[in-house]
Amino acid sequence: MTKPTRRSALKGLAGVAGAGALVGSGMTDWAKAWAQASPFKPEAGATLNVMRWRRFVVAEDEAFNKIVAAFTAATGVRVTVTSESFDDMQPKASVAANTGTGPDIFWSLYSTPHLFPNRCVDVTDVADYLGKKYGGWVPVAEAYGKLGNKWIAIPAAINGGYLNYRISQIKAAGFNEVPQTTAGFLELCKALKAKNTPAGFPLGRASGDGNSYAYWLLWSHNGAQVDENSKVIIRSPETEAALNYAKSLYDTFIQGTAAWNDASNNRLFLSGELGLTANGISIYAAANASSDPKQKEIAADMDHAYWPIGPAGKPTEIQLCFPMMAMTYTKFPNACKAFMTYMLEAEQFNPWLEAAAGYLTHTLNAFDNNPVWTKDPKNTVFRDASKRSLVAGHRGKLDEKAATAMADFIVVDMFASFCTGRESAAGAMQLAERQLQRIYR
Amino acid sequence: MASGSFAAQPETTAWTRLMVNRNWLGFWFMVPTMIFLLFFLAWPLILGMWMSMTDMRIGRGGVFIGLENYQYLLEDRDFLNATGFTLAYTAVASVVKFAVGLYLAILLNNHMPLKAFIRAIVLIPFIVPTVLSAVAFWWIFDTQFSIFTWLLQKAGFLAKGQYINWLGDPFLAQCSVIFANIWRGIPFIAITLLAGLQTVSPSLYEAATLDGASGWQRFRFVTYPLLTPIIAVVMTFSVLFTFTDFQLIWAMTRGGPVNATQLMATLSYQRGILGGRLGEGAAIATAMVPFLLAAIMISWFGLQRRKWQQGESND
């Protein structure tokens, strides 16, 4: 169990207070009825500690806490929610898995559960229940949630990362929209640099945005870290083409991208210094929610676009999956299952999805019709995030090896070392190959 | 009656003799500390060394693989770079911290108005939590929002819109983190050396002045020899703290760009915890031990070999 802290105690109290406020409301009535009929009955006296990634969209977090409070009111299971930054989620989960103590549920990133699959509670029954009820899981969800035939995590949502751009800057550079080919995209970046409004994509330690960019570069040029038999194939003409393309792009970028973390491009875009980057919808959501006229102006002047398609001839994006996993050391596995199920029931998930304003994309097909995707056309691109996304590992299996390669930033570093001039193309590929061979041995 | 009580006296065993022996008393008093050190220092170290010889991963135990992790690391460019940078980071930062810290200590040892206040101010960088100062430096060295860049632009040395890629360029990033470490470490050295300076008897300076010693000679032949023991202690700690630095790097660069600012400690964390390869991470951490031992040995046997430690006069 996590050590109680002032913050967690306050959150716990807030949860209880929220639960109190919900007593008698429609949400709680429904929740109570759900608890009666649910196939997952929490253990008597169960309490849950849930650790989630720290919010980027305030309304999403508020909706999440509301659902948690309703769950507590209906089931009596007190839930303490703590949050950590993206970068800290995986180390915390890893340490908990190794020491056998910590939060009961982690709502983490990417393929974290595949780092320690034998420490995750088998949630096949939860996945089957939800899949049957809500039109089935999208393929990427199955890939992230399952190991063989067993579900080790519930991929609650995907965070779509797409191109964020300033409409006026694109137009000033002579383009009406973001070109949807890699060649056209390079031309756009060159034109933006010529207009002194350069683009910028992270090549630093950015777990979300950095990996998204680097894997798109690699896969769009038909490169891959391993083949179907998990043989390392990173050193290839395709990877070299991707490296050269990346260098051409890098030369047009705003300075400093090799040092960026996940928050850097948000900050620059919202300050008006950056007009084209890759990010979730959080930049738009923050600008929209702000009362500052300058931010409102940015929100009005920005839009989103898919990642361009390269020589691979098809979408080659990796989107950020948010898998929810219960740990085997929990004393309350049924309460964990009930919690996960409850969160994804339509009555909760639809308002939650709406509150997230496009930051979260569903992984169950039945939620395609949620109004969040159509009420603001700038959100629509993100609806397809979970259907267009490839998985970590791509051609190889999504397993702990793929998870390790991503956690170690091997592909990000390969591009960064070449683009910054620290390594030649051959040297960068060789370095990545050596590290991958060790992981995939 | 008397004979009965005499018969009831317990036999004196070797154990009971040890328990009451005055020569063993000191040992018994040390036992709790020894147990503490054994469990919380020696045991983790031994466990780490054992892990470094396994292929242990997070969430599952490993098998013994001998020195395979070390063999791999010896040919791993990132590890070699991290080792080189750790040594450079420690050497440059320690030397500058010592030079500036000593200079500051000598300045602060003089009589001046608001002496206590100024001494307290000097301690601020050391008091501020490392992560907080690291985040401040992250902003200070931000490519677009750096105050240094802004000042250079205002002073006309840089054109508007021209930036310095502080943390995005490998070499500049290395310089930036060393600068931040120096800024943070100076007060520790300055205040500790100041404490040492205050123990030097003013009569020695008076005698030296009467003998016609210059300022440099007073420092070289009075201050420095008397300060040597404290310099040895403070530099040992400074080198150890710098060599094992983690927070500053992690908060500022996470070892980037392209692993350029990776120290052995951060690389160990990257591979062991983030990458999940506990065995390899432990091997990197264990590889730090010889360097740390060497630093301690140099300090204690090099700087403190003077005979006065044994109550004799100096060489």
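In this predicted model, helices H10(A) and H20(A) cross in a right-handed way. H10(A) covers residues 237–250 of chain A, and H20(A) takes in residues 410–419 of chain A. The two pack at an angle of about 60°, and their axes sit 9 Å apart. That angle makes H10(A) oblique to H20(A). On the H10(A) side, the contact is made by A:Leu243, A:Ala246, A:Lys247 and A:Tyr250; H20(A) answers with A:Phe415, A:Phe418 and A:Cys419. Sorted by class, that comes to six nonpolar residues, one charged residue and no polar ones in the contact of H10(A) with H20(A).

H10(A) is also where confidence in chain A is highest, at a mean pLDDT of 97. At the other end of the scale is helix H1 of chain A, residues 6–22, where confidence is lowest, at a mean of 44. The pLDDT stays under 50 right through residues 1–24 of chain A, although the model does give this stretch 35 contacts beyond four places in sequence. Taken as a whole, chain A averages a pLDDT of 89, with 94% of the residues scoring at least 70.

Stepping back to the overall build, chain A holds 21 helices and 12 strands. Its C-alpha trace spans about 65 × 55 × 40 Å along the principal axes. A compact globule of 441 residues would have a radius of gyration near 22 Å, and chain A, at 22 Å, agrees with that.

Chain B is another story. The secondary structure here comes to 15 helices and zero strands. For its 315 residues the globule rule gives 20 Å, but the radius of gyration of chain B is 27 Å, well over that figure, so chain B is more spread out than a compact globule. The box filled by its C-alpha atoms, taken along the principal axes, is roughly 105 × 70 × 35 Å. As for confidence, the mean pLDDT of chain B is 86, and 92% of its residues reach 70 or more. Residues 1–5 of chain B fall below 50, and this stretch has zero contacts in the model beyond near neighbours in sequence.

Two helix pairs in chain B share a partner, H5(B), which runs over residues 77–108. One pairing is with H10(B), residues 170–197, where the axes lie 6 Å apart and the angle is about 40°. H5(B) and H10(B) are therefore oblique to each other, and H5(B) passes H10(B) in a right-handed crossing. The contact of H5(B) with H10(B) counts 20 nonpolar, four polar and one charged residues.

The other pairing brings H5(B) together with H12(B), residues 215–243, at an angle of about 140° and with the axes 9 Å apart. That makes H5(B) oblique to H12(B). Here again H5(B) makes a right-handed crossing, this time past H12(B). H5(B) supplies B:Thr86, B:Tyr89, B:Thr90, B:Ala93, B:Ser94, B:Lys97 and B:Phe98 to the contact, while H12(B) brings B:Met235, B:Ser238, B:Val239, B:Thr242 and B:Phe243. By class, these residues split into six nonpolar, five polar and one charged.

A couple of backbone details in chain B are worth a look. Most residues other than glycine have a negative phi, and most peptide bonds are trans. B:Leu114, which is not a glycine, has a positive phi, near 55°. B:Leu114 is found in the loop between H5 and helix H6 (115–122) of chain B. Further along, the peptide bond from B:Gly256 to B:Pro257 is cis, with omega near -5°. B:Pro257 has its place in the loop between helix H13 (247–252) and helix H14 (264–274) of chain B.

Finally, there is the meeting of the two chains. Across it, 30 residues of chain A are in contact with 24 residues of chain B. On the chain A side, the elements giving two or more residues are H4 (86–99), H19 (400–407), H20 and H21 (425–439). H20(A), the partner of H10(A) in the packing described at the start, is thus named among the elements that touch chain B. H4(A) gives the most to this side, with six residues. The chain A residues that touch chain B divide into 11 nonpolar, 11 polar and eight charged. For the model as a whole, the scores are ipTM 0.79 and pTM 0.82.

Note on methods
Residues are numbered from 1 along each chain as its sequence is written. Chains are lettered from A and ligands numbered from 1 in the order in which they are written. This is a predicted model: local features need pLDDT of at least 70, side-chain atom pairs count only at pLDDT 80 or more; totals for chains, interfaces and linings use all residues. pLDDT is the predictor's confidence in each residue, from 0 to 100. Helices (H or I, at least four residues) and strands (E, at least two) are DSSP runs, numbered from the N terminus. Two residues are in contact if their C-beta atoms, placed from the backbone, lie within 7 Å. Axes are lines fitted to C-alpha atoms, for helices over the stretch in contact, and angles run from 0 to 180 degrees between N-to-C directions. Angles under 35 degrees count as roughly parallel, over 145 as roughly antiparallel, 65 to 115 as roughly perpendicular and the rest as oblique. A crossing is left-handed if the near helix is turned anticlockwise from the far one by less than a right angle, and right-handed if clockwise. Ala, Val, Leu, Ile, Met, Phe, Trp, Tyr, Cys and Pro count as nonpolar, Asp, Glu, Lys and Arg as charged, and the others, Gly among them, as polar. The radius of gyration is taken over C-alpha atoms; the globule rule is 2.2 Å times the number of residues to the power 0.38.
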